[in-house]
Structure formats: structure tokens, C-alpha cells
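Hi,

Here is the structure for your next round of work. My notes follow below it.

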Number of protein chains: 2
Amino acid sequence: MAQKPSIPKGTRDFSPLEMAKRNYIFNTIREVYALYGFQQIETPAMENLSTLMGKYGEEGDKLLFKIQNSGDYFKELTDEELLSRNAAKLASKFCEKGLRYDLTVPFARYVVLHREELSLPFKRYQIQPVWRADRPQKGRYREFYQCDADVVGSDSLLNEVELMQIVDTVFSRFGVRVCIKINNRKILTGIAELIGQADKIVDITVAIDKLDKIGIDGVNAELAEDGIPAEAIEQLQPIINLTGSNNEKLETMRKVLAQSETGLKGIEETEFILNTLANLNLTNQVELDLTLARGLNYYTGAIFEVKALDVEIGSITGGGRYDNLTGIFGMPGLSGVGISFGADRIFDVLNQLDLYPSEAVNTTQVLFVNFGEAEAQYSLPVIASLRKAGIRSELYPDSTKMKKQMSYANAKQIPFVVIIGETEMQEGKLTVKNMVSGEQTSATTDELIKMIAG
Amino acid sequence: MAQKPSIPKGTRDFSPLEMAKRNYIFNTIREVYALYGFQQIETPAMENLSTLMGKYGEEGDKLLFKIQNSGDYFKELTDEELLSRNAAKLASKFCEKGLRYDLTVPFARYVVLHREELSLPFKRYQIQPVWRADRPQKGRYREFYQCDADVVGSDSLLNEVELMQIVDTVFSRFGVRVCIKINNRKILTGIAELIGQADKIVDITVAIDKLDKIGIDGVNAELAEDGIPAEAIEQLQPIINLTGSNNEKLETMRKVLAQSETGLKGIEETEFILNTLANLNLTNQVELDLTLARGLNYYTGAIFEVKALDVEIGSITGGGRYDNLTGIFGMPGLSGVGISFGADRIFDVLNQLDLYPSEAVNTTQVLFVNFGEAEAQYSLPVIASLRKAGIRSELYPDSTKMKKQMSYANAKQIPFVVIIGETEMQEGKLTVKNMVSGEQTSATTDELIKMIAG
């Protein structure tokens, strides 16, 4: 019992400073989502396993954290089943609930369960932790937050436009320069159709993505290794060498994909999104990137990804259009489009670029030193006035050594310390010490409030 | 698969309106905690079962949600153990993690794990969900939020004073009239000593609490039924009949407990807290209530409880002083004092009294009707200006029937709708409809911003 406790691997405690930074990130995202008319929902941490199983592939099923049934969880098992020791198969008998694995499946479940109350299109955002029994490693946790916004029940591409505006606004507010990359699943389908290699589309995008590193010959060699026939590689040349502005790229692709109805539809959609955004003066660049192939097993239209320009790190936001979000729960025909901000990576980016505004991480603004009972009693109404003025203030609760109280102020990075001793009580003035400059001044309560609240 | 999905019993989804109300509650509490110098932390949803087991009594152990080990959870079990089907005993072999049951044990674990980084006294707050496998019933959930603030590492009663100020400030901000009840475990110990019935203290407080309902004879009869000897009941008479102001009560108790050192210490502590608060002009009444006996198995000093005056509901906030918070994790000698706001009950109280400020529950402020592509493209830069001015605005994404768009605005309770048709585009003006009054006016973008932002 007395051994030092630990926490489960892959999980984290968040200290006051980390929480202040995380709250700054979440609040910024939350505010921007609200500015665009998105509304927050929350779903339970636990979902029925029947809701979760089979939605994330076989691998995902294994990575679900399952919750043991309460009471006699052996009840439903025969001796033979028990002795078979088939962990994967028996999990569903021991457990009927699991922790949510992402926010998308619970959202789909929410839409179906509450369909009568919802007025479509439904623009919801959700900021909650998810859990995955992944092997923990640097930057990968078993508990982490997702910050998703989705619109369901509208096919309009204006939703895509709006989501890109949100991305631009959020990163502008953070002061992080980003490149917003967009692609379209239909263009990729068109390419696959063109060369008759539908199952190779991921290999193709991976190879093309290496152009800068390994050159055109390298890319062609890799495509050949992937089993793409020479003729198809030939047809891919204009796509591999695609350069120029977004419009130039679209023009080239329109020619290349002239025979593919789906491909042309993807180009048209992308053109609409890019042209509409061009009139809206975004702060960050939006770039058509045909090598963007995330989430190909569920995205059906636009695909987005955001890269930080000044930090070496993977994608910090992503998303796309998916059809039939709620089909798995028996409610077909609802199209959706969404984005998800990667809070943990954004946290790292803001740390590396030192972009946290000081107001965001400040806690207590004034500490009152405690010299004893009379001084403390004298201080309390003064502190109450400060708090009434919205100033975060505290009295050191014990009348211990001055040194200890000052190091408490330093540890908490409190910018002002107020000293009230006998002289101050007699004169009705406070001594205020600026902890940054070291300067000491004498002030009334009102003067102190003005000094701090400005 | 196609059957309508459900959520685990005892858990809840929160709709946009519920979330807005809950955020109002959490943000108010959060702001006041910060105003008093408390800092937020978060701990993982999962803790090691070794951290949780044995901390909440035998019943609590059963109510922990346990998470099944990943991989081959049969590995550590012999055939005999399996066939014994001893669910309670084998749970710890199948599972090494559980969901947190409250915020206090994880906080104690946090303090011990991070003791090197912490500067004591540590004033932390924590607002997170907890999980209990209780039988769900009205008002009792298997997942619910706790909103705790605690100070550890300081014995000063000024902490108790500060927590009462926090309670007073929070409920003043909510506009809820409350009675803050305080008691002290040491007074109760004194009473038990006085009558030689230490193990009967809970029975005694329960009986005394019924004075209003069953009268003095009823109380005495119940005490006799509880096995309290006639002589002890005689000694309890001044306590049962205790009336008057807090000071009068304290005077009476000082005489009754004259022989109990512990009892007198409890009176002295309570007197200090009440007298100090008396100088601080609280909005709500603080009342000494000797029948307050919550958490007697862990509180060692002050005990608090808050009752709403205008709604019939149980305690909406509680707390107290406990010694040796971290002793269970091998770090003895740290005293703490804390409070916990009951968010679910406060939610019900604010609903019943209709106290949610309209700004707190408002979402989108302006909806732009969508008449077609040209109108939509015209609207987008206008909407961007509104958002830049901080006005939550959205464009209906599809150019469907006006009626559908208006009912979307109504469902979302959007107060203003902007109509941009051909006339408006030609004249460079917008038509603004006030959805409450039904009034329509013509305005420029700047005029619209002024109209809404004020």
C-alpha cells in the first residue's frame, strides 16, 4: 500500500500549467466553432460494444478498451467456453460495454438515437477524450482528446468551405502558419479508373508523394515495384509532374481525367471550394495536393489535412466528406463532412514556437502575505474587494516564514505580492511588490485594483 | 446491425441546449475557483486498480467499473481458478485498471506522484466525470461530473473560510438562495464522548434531525429505540433543543461539552470560521447545524453542506476537512480541506427556477438565408465580417425552400435572419428579420453589426 503509486501506461496527468495551455487550445477551437454556428454535444465515455465493434476494422476491435460486466460475469459461460481460454471470442461475454474509440461513431449513434429532436442540417462539435489500447510510444497515448466538428444532413460544398475557414481562423488565432491541403476522393477514383488499378490508389499516392525526395525516375521505379504496368505509369506522368497554381493543376487534371465522370466531378467540387475560398481572404494558403490520401476507406468527397509550416510534425488537423455516416445504424442517406483538430500535436507546436499568450497561462494575480491573525483578518475584506473587481487573489493561508511565502508566489508565478504588516494597518495602505521588477510601492486598495485591472 | 442503437443504462447524451447550460455551470464554478487562486488539473479516466481498490469500502470495490486487460487475459489463471467462477475474487486477474470513482483518490495519488514538483499548500480544482456501477435511478447516474476544489498542505482555518466564500460567490452568481450549513466532526466526537456512545453518533444525529417532524418526544423515543440509555438521552436534551443564533448555539455547546477537550476544540474552530465569515458580508446565511453528519468516516474537522432554499432537493454542495489525505499512498501528515459542487442537482435547480441567463444558452445569432449560388457567394464575405466582429453567424448551406430554412432558424432559436435576394444584391443592403418581433428592416453590413453587437 505504501509503495509509490503510478498511472496506467499511455495515460497522463495534466499539471496546472499544462491544463492552462490545453484550455487555451480547447477554448480557442470552441469559440471558433461557435462563431460558425456549431453546437456542442457530449456522449458517454462508455458505449455498448454492439455500437463500437466492427466499426474500426479487426485491428480496431482489438484496440477497444472493454469494461467487465458488473456482478457475476461468469454466468453466461459454460465450463467448456471458460477452459477454451479464447480471449478474443469470450471478451463479448465478459463485457458488454467499451470506452469510446473516436467521436465519429458515437456521433453517428447520437444522430440516429435523437433523430426526432434534431433539425437538419445538424452542425455539432464535440471535445472529449477517446481511448485506444495501442502500444504507447512518443506522442501516442492511450487516452487523448479529439476536437471534432461535423455537419450532417447537407450535401452543400459550402460546408467544406466553412470548415476550411474554421481551420484558417483557428490557426490564425494561434499565430501558427499552416498549409491547408485539400484533395478529393473522386479525383483519386478517376485516376484509378484511368489506369485500371483501383486497388493500387494508396500505393500510387505514396509513391507520387516521394517526388521531391527521390525524383521522377525514383517514383516511376517504385510504381513499377508496386506492380503498376508500364502503360499505366506512362499515363500517370502528367499527374506525377503536376505543378503550378491550384487552377493550373485543375486544368491539367481536367484533361487527364476527361474520360472519367467521377474524376471530373471531383475536379468540379474542388474547383468550387478553392474558388469560393479565394474570395474570402484566408490568412493561410490552401493547396490542392493529389498525394493526400487519408481515410480513403471512409471519405467519399473532399479530403483535408493541415501541416504546420514552422515545425517538423505530422498533420495537425484533418477531415473530409463521408456519405452514409449513419447507415451502420440503420439510417441511410445522410451525408456528412467534418474536421478534427489534433490537440496534442497543436500543444507541441505552440510549445515549440512559444505562442501561448501570457494571459492564457496566468493564474493568481496577487498574493497577500500572511503575517499573523490580525493581519490576515485585516487582509480578507481587501482581498474580497479585489475579487469583486475580477482580480484573481489569494491570502497565504498560514503565517509561516516570509521566505516560504515568497517562494510560493514564485512557484505559482504570481506577478504581485501585497504585504500588510502593522505599519500598513495603521496607515490604511498596502505595500505592493512587483515580483518581476522587484519594485515596492505603497497603495490604497482602489489604487491596487487600478494597477492590476488597468 | 440495423436495429436502433442505445446507450448503456445510467449514462446520458447531452444535447446542445443541455451542454450550453452545463457549460454555464462549469464555467461559473471554474471562474470563481480561479478567482480564489485554485488551479486546474486533470487525471486519467483509468487508474490502476491497486490505486482504487480498498479506498471506498467493500461496497465501493464492487461499484468500480473494471477494464479488461488487453490481449490474453486468461494467462494468469489456472483451470481451477477459472472453474471456481468466483467473480469478485478473479476480477483483479482479468483487470488491472478501473475507471475513477471520485476525484479525491486520484487527487491524493496525483499529489504523491508529483510531490517533487508541487509547491505546498496546493490549491487544485478538478472538473471531470466519474463512474460508478450503482443501480441507476432518478437523479442517480453511472457517469456524472464532479467539480472539486481542495487545498492540501495547510492546517489553517482560513482555507475553510475561503471555501465558504467560494460557495457563497458561486450561488450568488447563479442567483440561487442557499443556506450554508457547517458542523465539525470534533463537536460530534465531543457529544459521543459526553454520553459514552461513540459508535452511535450517526444514529443520534439522524434522530435529532427529525425534531421538526416528530417533536422532542418522538426524538427521545427514537434515541431509546437506537439503544441510547435514558441517562445519555437526558444529557442530550440541551443539544436536541439547541436554538438561537450561531453564537448562542456555540455558547450552549461550550457549556455542554465543557469536559471534552476535542469538543471544545471543535467549538473553537467553528467559532473562528463563523466570526471571520461574519466580517465578510456574504450574500447567503451560514448556519451551525449539529445534525450535519456527512462523510463521518473521513472528515476530521469542519463539515459543510449547502441546501437550496427555493427548491426541494438534497444537498447541492458538500465538503469538509480531512487529515492524512495521502497517507494511503505512503505520504503521511498532509491535511486537506475541500468542497464539491453537485453539478447535476445544480442543473435541476437552475432549470426549476429558470435562472439560465439568455447569453449562456444562445448559440447562433444570425442565420443567412440561402437563395442560390449567386446569393450565397454574395453572402459569404458579409458573414465573414460579422464573424470578425465576434457575431456567431451561419449561412444555411443548401438553397432549399424558405420555409425549411426558417424552421431551422426557429429550432435553433436564432434571433436574427438575414435575407439576401436579387434586390438586396443590387442595392447593397441586407434585409434583416427580427425573429422575435417579426419586424423586417433594411441595413448595411455595418448597421447589422451594430444592431447585434450593440
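Start with helix H7 of chain A, residues 158-174 (helices are DSSP runs of H or I, at least four residues, numbered from the N terminus). Its 17 residues should span 24 Å at 1.5 Å a residue, and the end C-alpha atoms are indeed 24 Å apart. The expected span is 1.5 Å times one less than the number of residues. Of the 17 residues of H7(A), 15 are buried, so the rest of the structure largely encloses this helix. Buried means under 20% relative accessible area, with a 1.4 Å probe and protein chains only. Just after H7(A) comes Gly175(A), with a positive phi of about 80°.

A caution on sources: this is a predicted model, where local features need pLDDT of at least 70 and side-chain atom pairs count only at pLDDT 80 or more, while totals for chains, interfaces and linings use all residues. Residues are numbered from 1 along each chain as its sequence is written, chains are lettered from A and ligands numbered from 1 in the order written, and side-chain values use heavy atoms, leaving out hydrogens and water.

Next, Ser260(A). It sits in the loop between helix H12 (246-256) and helix H13 (261-278) of chain A. Ser260(A) is buried, at 5% relative accessible area. Leaving aside residues up to four places away in sequence, Ser260(A) touches Gly190(A) and Glu193(A). Contact means heavy atoms within 4.5 Å.

Last, the two copies. A turn of 180° and a shift of 0.0 Å along the axis lay chain B on chain A, with an RMSD of 0.1 Å. The copies are thus related as by a two-fold rotation axis. Superposition is by least squares on C-alpha atoms of residues with pLDDT of at least 70 in both. In chain B, Ile67(B) has the C-alpha nearest the axis, 2.3 Å from it. Both copies use the same surface: 99% of the contact residues of chain B recur in chain A.

Best wishes

Definitions and conventions
Helix = DSSP H or I, 4+ residues; strand = E, 2+ residues; numbered from the N terminus. Buried < 20%, exposed > 50% of the residue type's maximum accessible area, 1.4 Å probe, protein only.
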